[in-house]
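Trainee: I'm new to this one and would like a close look at a single part of it. Could you pick one strand and walk me through what surrounds it?

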Amino acid sequence: MEFAENKSMEKPKYKDLLFDVDGTLLDFAAAEEHGLRQVFAPFGDLMEPMTEAYQILNKQLWEDFEKGLITKEDITQTRFRRIFKKFGVDADGVETEARYRQCLNRCAILIDGALEVLDYLRPKYNLYVVTNGFVQTQKMRMKDSGLEPYFIRSFISEEIGCQKPGKEFFDYCMNHIEEADRRKMLIIGDSLTSDMKGGEMAGIDTCWYNPQRKENLDQVKLTMEIEDLRQLMKKL
C-alpha cells in the first residue's frame, strides 16, 4: 500500500532511518505474553482474566505517558498493584513488576524478516533506534536478538528524559545525529500515536508498519504504509 504523495516510482533519497523497536523489529506482544504468564501463573484460573485486564490497563497507561499525563514510574509502580486490587489478590505489585521486567529482559523475539531487512538497509543508510522503552530492557533485548550491531545509536526515552511523540524527543535526536537533515529522514514504526504522530510533528517522513491492517482512524499523516518489513527492500 502506498499513498498519493508517493506516486513516483523513484525511490526516496533518505539518509537516516529511525526505527522503533517494540512491535516493529521485536515481537513485544509475544514477549509480553510470555512474561505475564510467568508472573500470573501462580494465580491459577485467574491467569487469563488478569492477563487480559493487564493488557487493557497497560495500553491506556502508555498512551497517557505518550501524552505527558503520567511518568514512567507511574506505570511501573501501579500497573500490577491495580490488577491485584481489581481481582482481590494479596500480592506485591512492585515485586511482581521486578520479576516481569526480568522475564522481558530475557525474551527477545524478532519480527519476521527483521534481520534480512536490516542487512539490506545498513550499507545504504544510517540506522538509528528511537524507542520509549526502558534502557536496561531495550539494550539487553537488542543485544540478545542480534539487532545491536546494525544501529549507530539507540535513542531511548528513559535515558534522554523525554519520549515520543514529543517534539523534545525528536529535537534531541536531531541534535545527536551527524549532519541531520529532516528532509532526508524516515521513521519506521508500528504506533500511530508515538511513531507516526511523532514523525509528523517533527517534520520527517513516516512509514507505518501495519501488519494487522488497522485503520488510521486519527488520520495521522503518513508517507508510506507497509504490512511486511520486507516491503522496505522495494521502497528504499
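**A walk around strand β2**

Mentor: Happy to. Before we zoom in, a word on confidence: this is a predicted model, with a mean pLDDT of 92 for the protein chain, and 95% of its residues reach 70 or more. Residues 1–8 are another story, since pLDDT stays under 50 there. The model has 14 contacts beyond four places in sequence for that stretch. Where pLDDT is low, the predicted coordinates should not be read in detail, so let's leave that stretch alone.

Now for our strand. β2 covers residues 126–131, and five of its six residues are buried. What does the sheet around it look like? Six strands form an open sheet in the order β3-β2-β1-β4-β5-β6, with parallel pairing. That puts β2 between β3 and β1. The edges belong to β3 and β6, and each of these has a single partner strand, so one side of each is left without a neighbour in the sheet. Ignoring direction, neighbouring strands are turned by 20° against each other on average.

Look at the two partners of β2 in turn. On one side is β1, residues 16–19, which pairs with β2 in the parallel sense over four bridges. If you want a spot to find on screen, go to Leu17: its bridge partner in β2 is Leu127. On the other side is β3, residues 153–156, and here too the pairing with β2 is parallel, over four bridges. Your landmark there is Tyr128, whose bridge partner in β3 is Arg153.

How does the chain get from β2 to β3? Helix α6, residues 135–145, is part of the answer: β2, α6 and β3 make a right-handed β-α-β unit. Another helix to look for is α8, residues 167–175, which lies across β2, β3 and β4 and runs at about 160° to β3.

Next, the packing. In a regular strand the side chains alternate between the two faces of the sheet. The largest nonpolar core has 27 residues, and Leu17 and Leu127, our bridge pair, are among those with the most contacts inside it; Phe19, Leu121, Phe151, Leu229 and Leu232 are the others on that list. At least two residues of this core come from each of β1, α5 (114–121), β2, β4 (185–189), β5 (205–209) and β6 (224–226). Of the contributors, α5 gives the most, with four residues.

Phe151 is a good one to click on. Leaving aside residues up to four places away in sequence, Phe151 touches Leu127, Tyr128 and Val129, along with Phe19, Leu25, Leu118 and Met142. There is also a second, separate core of 21 residues, which includes Tyr54, Trp62, Ile75 and Val89.

Finally, a few oddities away from our strand. Most residues other than glycine have a negative phi, and most peptide bonds are trans. Against that background, the bond joining Lys164 and Pro165 is cis, with omega about 5°. Pro165 lies in the loop between α7 (157–160) and α8. Glu179, in the loop between α8 and β4, has a positive phi of about 50° although it is not a glycine. Glu179 is also exposed, with a relative accessible area of 65%. Arg213 has a positive phi too, about 55°, again without being a glycine. You'll find Arg213 in the loop between β5 and β6, where it is exposed at 58% relative accessible area.

Key: Residues numbered from 1 in each chain as written. Predicted model: local features only at pLDDT ≥ 70, side-chain atom pairs only at ≥ 80, totals over all residues. Heavy atoms only, no water. Buried < 20%, exposed > 50% of the residue type's maximum accessible area, 1.4 Å probe, protein only. Pairing = 2+ DSSP bridges. Right-handed = clockwise from strand over helix to strand, strands pointing away. Core = buried A, V, L, I, M, F, W, Y, C linked by side-chain atoms within 4.5 Å. Contact = heavy atoms within 4.5 Å. pLDDT = per-residue confidence, 0-100. Axes fitted to C-alpha atoms, helices over the stretch in contact; angles between N-to-C directions.
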